[in-house]
Amino acid sequence: MSVNNNNPPKSLGASSSPFGNAGMGAPSMSGNPAFSQAQVQAQLTAGFQAQYQLSQAQALAQAQAQSKAQAQFQAHLQAQGSASAKRILQRPPVRPPGVPMTNTISPLRTMELTPAARRKKQKLPDKQLQERVAAILPESALYTQLLEFEARVDAALARKKVDIQEALKNPSCVQKTLRIYIFNTFANQIQTIPKKPNAEPPMWTLKIIGRILEDGVDPDQPAFVQRTNPLYPKFSSFFKRVTISLDQRLYPDNHIIIWEQARSPAPHEGFEVKRKGDKEFSVNIRLEMNYVPEKFKLSSALMEVLGIEVDTRPRIIAAIWHYVKARKLQHPNDPSSFICDAQLQKVFGEEKVKFTNVSQKISQHLTPPPPIHLVHKIELSGNSPVGTACYDVLVDVPIPIQRELSALLANAEKSKEIEACDEAICGAIRKIHEHRRRRAFFLGFSQSPVEFINALIESQSRDLKLVAGEPSRSAEKERRSDFFNQPWVEDAVIRYLNRKPAAGSDAPGST
């Protein structure tokens with residue numbers, strides 16, 4: 001540190017201060033009997049005590065005496081040779097034993113740390129107006145109310161969306177009638193067309209189609225079947241497996257045709273079988289229904305109790321519970337079990353059954369539902385199509401609103417029009433904030449130009465120091481001597497000296 005002419009009593013700035021050469025290479029004490037280690041330690045102790053315990057006048061006199069001693073010490077070092085002095089290891093300065101450790105937190109730690117992070121400004125939503133803008137524009141209260149209303153609408157839509165998702169997990173079904181149409185067409189038959197050379201071979205086509213009957217509508221024309229309701233599942237989705245058996249004598253190679261939903265998951269409106277032939281015969285059709293959830297056929301004993309022929313396992317268990325509750329068969333001392341009457345004993349074979357065992361015990365009374373067997377005769381004469389037959393089957397159809405709810409969920413996201421409006425609103429809000437800042441700038445300048453410019457310069461000076469990495473330095477405070485008389489100076493000096501290199505041209509006292 002250089003000497004400050006404005007503060008002459010300050011001994012730390014003098015080049016002869018005991019701190020000036022405390023970090024130099026110490027000479028060998030064995031070869032310097034005139035200046036032992038104890039004397040050097042005494043000089044350091046005297047220097048610290050003169051700095052922090054004596055008055056300014058006494059400190060100045062003490063500094064002058066120490067300067068003379070240091071001059072003699074330097075002359076003695078030069079006499080012994082600079083090469084020997086450079087090879088001597090340094091001894092870092094230590095705290096004098098007579099100076100107590102202060103409890104004041106050293107500000108040096110703050111100076112050594114990186115600049116403190118700027119206080120993060122709370123990022124307002126893009127569509128939110130700041131309070132300063134609201135104070136300038138009283139009309140903005142209407143916009144704030146609209147934002148609050150929009151937030152309530154979004155929250156209500158989110159709740160409804162969750163409710164719809166839960167409802168779609170367990171869709172409700174309603175029983176509908178599935179009408180199955182079976183007929184065949186033919187072409188190039190000998191009975192209808194005279195035999196010609198190079199004519200196409202006779203063909204026939206078996207068709208199986210169907211549709212869900214609407215309430216009050218009874219379509220009986222095969223052509224009308226093609227107009228199916230898109231809200232209902234397609235025809236093939238109601239079947240797990242379809243087996244068509246032809247006459248093996250006429251078609252020995254592939255007389256059995258099997259369609260399985262597992263192999264062909266894509267839904268179809270119907271099935272077609274096309275073959276060459278000119279002989280009439282009967283076709284056996286086996287339809288295995290695809291129940292979701294799976295249904296079972298009840299045994300005769302269980303059917304007599306519940307009055308149900310085919311149903312799902314959960315509904316069968318629920319029916320048993322209602323049967324027990326209606327006849328008050330629940331055990332009075334053990335609510336987890338019930339007493340079997342004569343009809344239930346035929347099912348369970350016990351007098352007392354626990355509710356937890358019902359699902360296991362009824363498994364022997366449940367079998368897969370029987371398939372539907374149909375017989376159709378392939379006719380090759382008359383008006384095509386021929387042999388049209390209709391069969392009605394009860395099936396479970398998801399409520400049509402389920403698909404509408406699924407479509408609603410798919411379209412619940414913001415549309416492009418809404419997104420465009422939001423972007424326009426956000427752009428307008430950003431412009432409002434920018435104009436508010438410009439207004440505050442010019443308003444402050446108009447009210448007090450001098451103070452405004454001084455504050456602006458001071459703010460830019462702070463920003464410049466932050467960029468330069470010196471946010472904690474204050475040139476105004478460092479100009480005054482009181483800044484270096486603070487309790488933290490002692491620790492700062494010791495740390496500074498310990499941080500200096502051990503040898504080299506930059507080391508204090510090196511030559």
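## A lysine–glutamate pair around helix 10

Glu-350 counts as partly exposed, because its relative accessibility is 31%. This is a predicted model, by the way, so keep that in mind for everything below. The side chain of Glu-350 meets that of Lys-361 in a salt bridge, with 3.0 Å from N to O. Lys-361 belongs to helix 10 (residues 358–361), while Glu-350 sits in the loop between helix 9 (342–348) and strand 10 (352–354), so the bridge ties together parts 11 residues apart in sequence. Lys-361 has a relative accessible area of 24%, so this end of the pair is partly exposed too.

## Other salt bridges

How many salt bridges does the structure hold? The count is 15. In general, side chains of opposite charge can pair when their charged atoms come close. One such pair is Arg-315 with Asp-311, at 3.1 Å from N to O. Is each partner buried or exposed? Arg-315 is exposed, because its relative accessibility is 55%. Asp-311 is at 10%, which means that it counts as buried.

Glu-272 and Lys-207 make another salt bridge, and their closest N and O atoms are 3.8 Å apart. This one links distant parts of the chain: Glu-272 is in strand 5 and Lys-207 in strand 2, with their positions 65 residues apart. Glu-272 is exposed, since its relative accessible area is 55%, whereas Lys-207, at 25%, is partly exposed. There's also a salt-bridge network, which links Arg-241, Glu-260, Arg-263, Arg-286 and Glu-288.

## The overall picture

The protein has 511 residues, and 28% of them count as buried. Its secondary structure comes to 15 helices and 13 strands. If you like contact statistics, take the contacts with a separation of 6 or more: residues 24 or more positions apart account for 68% of them. The accessible surface adds up to about 33800 Å², and carbon and sulfur atoms own 55% of that area.

Two residue pairs show how parts far apart in sequence end up in space. Cys-426 in helix 12 has its C-alpha 5.3 Å from that of Lys-127, although 299 residues separate the two along the chain. Cys-426 is buried, because its relative accessibility is 12%. Then there's Val-162 in helix 6 (residues 140–169). Its C-alpha is 9.7 Å from the one in Leu-409, which is 247 residues away along the chain. Val-162 is partly exposed, since its relative accessible area is 43%.

## Two nonpolar cores

The largest nonpolar core gathers 31 residues, and Ile-180, Trp-204 and Phe-239 have the most contacts inside it. Which strands supply at least two residues each? They are strand 1 (173–187), strand 2 (203–212), strand 3 (239–245), strand 5 (270–276), strand 6 (281–289), strand 12 (372–378) and strand 13 (386–398). Strand 6 provides the largest share, with five residues.

Trp-204 is worth clicking on. Leaving out residues up to four places away in sequence, its contacts include Phe-186, Leu-246, Tyr-251, Val-273, Phe-281, Ile-378 and Leu-380. The list isn't purely nonpolar, as Lys-274, Arg-275 and Lys-276 are among the residues that Trp-204 touches. Apart from this core lies another one, of 21 residues, including Leu-298, Ile-320, Ile-362 and Leu-366.

## A three-stranded sheet

Three strands make an open, antiparallel sheet in the order 8-7-11. Strands 8 and 11 are at the edges with a single partner strand each, so one side of each has no neighbour in the sheet. Strand 7 (residues 295–298) pairs with strand 8 (residues 310–312) over three bridges and with strand 11 (residues 366–367) over two.

Lys-297 is a handy landmark here. Opposite it in strand 8 stands Val-310, and its bridge partner in strand 11 is Thr-367.

## A nonpolar patch on the surface

Which residues form the nonpolar patch on the surface? They are Phe-441, Phe-442, Phe-445, Ile-453, Leu-456 and Ile-457, which together have about 540 Å² of accessible area. Helix 12 (416–447) and helix 13 (449–468) are the elements that give two or more residues to the patch. Leu-456 is placed in helix 13, and at 30% relative accessibility it counts as partly exposed.

How values were computed:
Residues numbered from 1 in each chain as written. Predicted model: local features only at pLDDT ≥ 70, side-chain atom pairs only at ≥ 80, totals over all residues. Heavy atoms only, no water. Patch = residues over 30% accessible without salt bridge, like charges linked within 9 Å, V, L, I, M, F, W, Y side chains within 5 Å. Areas by Shrake-Rupley, 256 points an atom, 1.4 Å probe, with all protein chains shown as cover. Salt bridge = Lys/Arg side-chain N within 4 Å of Asp/Glu carboxyl O. Helix = DSSP H or I, 4+ residues; strand = E, 2+ residues; numbered from the N terminus. Buried < 20%, exposed > 50% of the residue type's maximum accessible area, 1.4 Å probe, protein only. Core = buried A, V, L, I, M, F, W, Y, C linked by side-chain atoms within 4.5 Å. Contact = heavy atoms within 4.5 Å. Pairing = 2+ DSSP bridges.
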